[in-house]
Amino acid sequence: MGTRIIAASVMLALLMPGITEALRPFLGVCVVTMLIVSLLRVDYGAFLGRLKQPVRAVSGAVWITVLIPVLALGTATLAGADAAIILVVLFLFCSPPPIVSAPAFAMLMGLDGALVLAVMLLATIAMPITASLTAAAFVPDLPLDAVSLALRLAGMIAVAFVVATVLRRWFGAQRIADAKPAFDTISVVIAVVFALGAMDGVGAALVSDPGFTLLAALGAFLFMLGQIALTYALFRPLVGADAVAIGYAAGNRNAGLFVAALGLTDIDPTVWLFFALSQVPIFLFPLILQPIGRRLSARSAAAPGVSP
């Protein structure tokens with residue numbers, strides 16, 4: 001039900017531009033709050049269990065936060081894509097870690113939520129370093145320099161970890177587990193507010209330049225789907241069924257963290273439009289990919305000679 005509500009909020013945003021504009025300033029708060037809630041509910045037993053055999057989680061995190069950005073931005077640079085907007089958009093599309101709700105969505109789709117959790121946490125912790133180095137190498141025209149970006153990202157993540165740790169000790173793991181319906185509701189509300197605020201300007205862009213906006217939406221969708229497909233194809237022979245989970249993590253990026261760090265008012269309108277449109281497939285993927293994810297997981301797990 002939560003995934004349907006979030007998906008519906010994206011469509012609602014197109015009809016209510018006043019609300020999207022009013023909620024845009026709260027995106028940073030939403031991003032940090034979602035991270036706090038997710039960290040508060042982390043199953044550290046599952047996380048540590050995955051780290052006992054770290055190759056899959058670490059390789060997934062390195063592929064998602066280092067190799068994909070270098071591949072995408074390096075290819076764009078070699079192809080002569082020297083327009084600042086193109087490089088910034090690619091940076092937002094392929095440098096962030098997986099969204100904080102990726103483990104929960106992965107489990108809804110029948111995927112390995114523990115593996116997605118491990119990849120998400122490792123990628124999020126490493127992000128201030130990986131993102132700043134990627135920006136310094138390929139994207140010199142960001143509103144922030146690489147060091148400032150790293151410090152802001154590190155500060156946001158550190159605050160979320162500290163607050164989540166304090167709340168976890170205060171409430172206790174059992175009370176948090178018992179309050180799952182309440183936390184689910186909070187997560188959906190925050191996600192809806194984020195979705196509405198992130199879509200600011202999309203409705204107006206559809207009216208003023210529908211061709212470009214629809215083309216940009218298609219490009220965002222295909223790029224995210226391409227990350228999933230490429231990751232699945234690369235990891236399937238190596239890790240079997242886990243390739244589906246790693247692919248899902250690769251295609252659903254927490255660009256909101258970057259937008260909040262860069263400054264909600266300092267972003268070029270075209271870059272913001274691409275950011276907003278990139279959120280649409282993220283909120284729709286759980287509905288679209290749920291049957292596909294379960295089918296691929298079952299097929300990979302049943303394949304002879306492949307360790308699930």
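Here are four short exercises, with worked solutions, on a predicted model.

**Exercise 1: the greasy patch**

Find out which residues form the nonpolar surface patch, and which helix gives the most to it.

*Solution.* Start with the members: Met11, Leu12, Leu14, Leu15, Met16 and Ile19 make up the patch on the surface. Together they offer about 510 Å² of accessible area. Next, look at the helices. Helix 1 (residues 2-15) is the top contributor, with 4 residues. Isoleucine 19, on the other hand, sits in helix 2 (residues 17-23). Last step: does isoleucine 19 qualify as buried, partly exposed or exposed? Its relative accessible area is 34%, and partly exposed covers the range between under 20% and over 50%, so isoleucine 19 is partly exposed.

**Exercise 2: two ring pairs**

Classify the ring pairs Phe93 with Phe223 and Phe212 with Phe274, then place their residues.

*Solution.* What do you need for this? A pair of aromatic rings is described by the distance of the centres and the angle of the planes. Searching the whole structure turns up 7 aromatic pairs. In one of them, phenylalanine 93 and phenylalanine 223 are 5.5 Å apart centre to centre, with 40° between the planes, which makes the pair tilted. Phenylalanine 93 belongs to helix 6 (residues 84-94) and phenylalanine 223 to helix 13 (residues 210-239), so this pair ties together parts 130 residues apart in sequence. As for cover, phenylalanine 93 is buried at 5% relative accessibility, while phenylalanine 223 is partly exposed at 23%.

Now the other pair. The ring centres of phenylalanine 212 and phenylalanine 274 are 6.0 Å apart and the planes meet at 85°, so you call it edge-to-face. Here helix 13 supplies phenylalanine 212 and helix 16 (residues 269-302) supplies phenylalanine 274, so the pair links parts 62 residues apart in sequence. Phenylalanine 212 is partly exposed at 37% relative accessibility; phenylalanine 274 is buried at 17%.

To wrap up, put the rings together: Phe93, Phe212, Phe223 and Phe274 form one aromatic cluster.

**Exercise 3: a charge over a ring**

Work out which residue lies over the face of tryptophan 272, and at what distance from the ring centre.

*Solution.* Go to the ring of tryptophan 272 and look over its face: arginine 24 is there. The distance to the ring centre is 3.5 Å.

**Exercise 4: a serine in a helix**

Locate serine 38 and find the backbone oxygen that its side chain reaches.

*Solution.* First, the location: serine 38 is part of helix 3 (residues 27-40). Then check the cover. Its relative accessibility is 18%, so serine 38 counts as buried. Finally, follow the side chain of serine 38 to the backbone oxygen of methionine 34, at 2.9 Å.

Terms used. Residues numbered from 1 in each chain as written. Predicted model: local features only at pLDDT ≥ 70, side-chain atom pairs only at ≥ 80, totals over all residues. Heavy atoms only, no water. Patch = residues over 30% accessible without salt bridge, like charges linked within 9 Å, V, L, I, M, F, W, Y side chains within 5 Å. Areas by Shrake-Rupley, 256 points an atom, 1.4 Å probe, with all protein chains shown as cover. Salt bridge = Lys/Arg side-chain N within 4 Å of Asp/Glu carboxyl O. Helix = DSSP H or I, 4+ residues; strand = E, 2+ residues; numbered from the N terminus. Buried < 20%, exposed > 50% of the residue type's maximum accessible area, 1.4 Å probe, protein only. Phe/Tyr/Trp six-rings, centres within 6.5 Å; stacked < 30°, edge-to-face > 60°. Lys NZ or Arg CZ within 6 Å of the ring centre and 35° of its normal. Polar contact = N/O pair within 3.5 Å; in protein donor to acceptor, adjacent residues only side chain to side chain.
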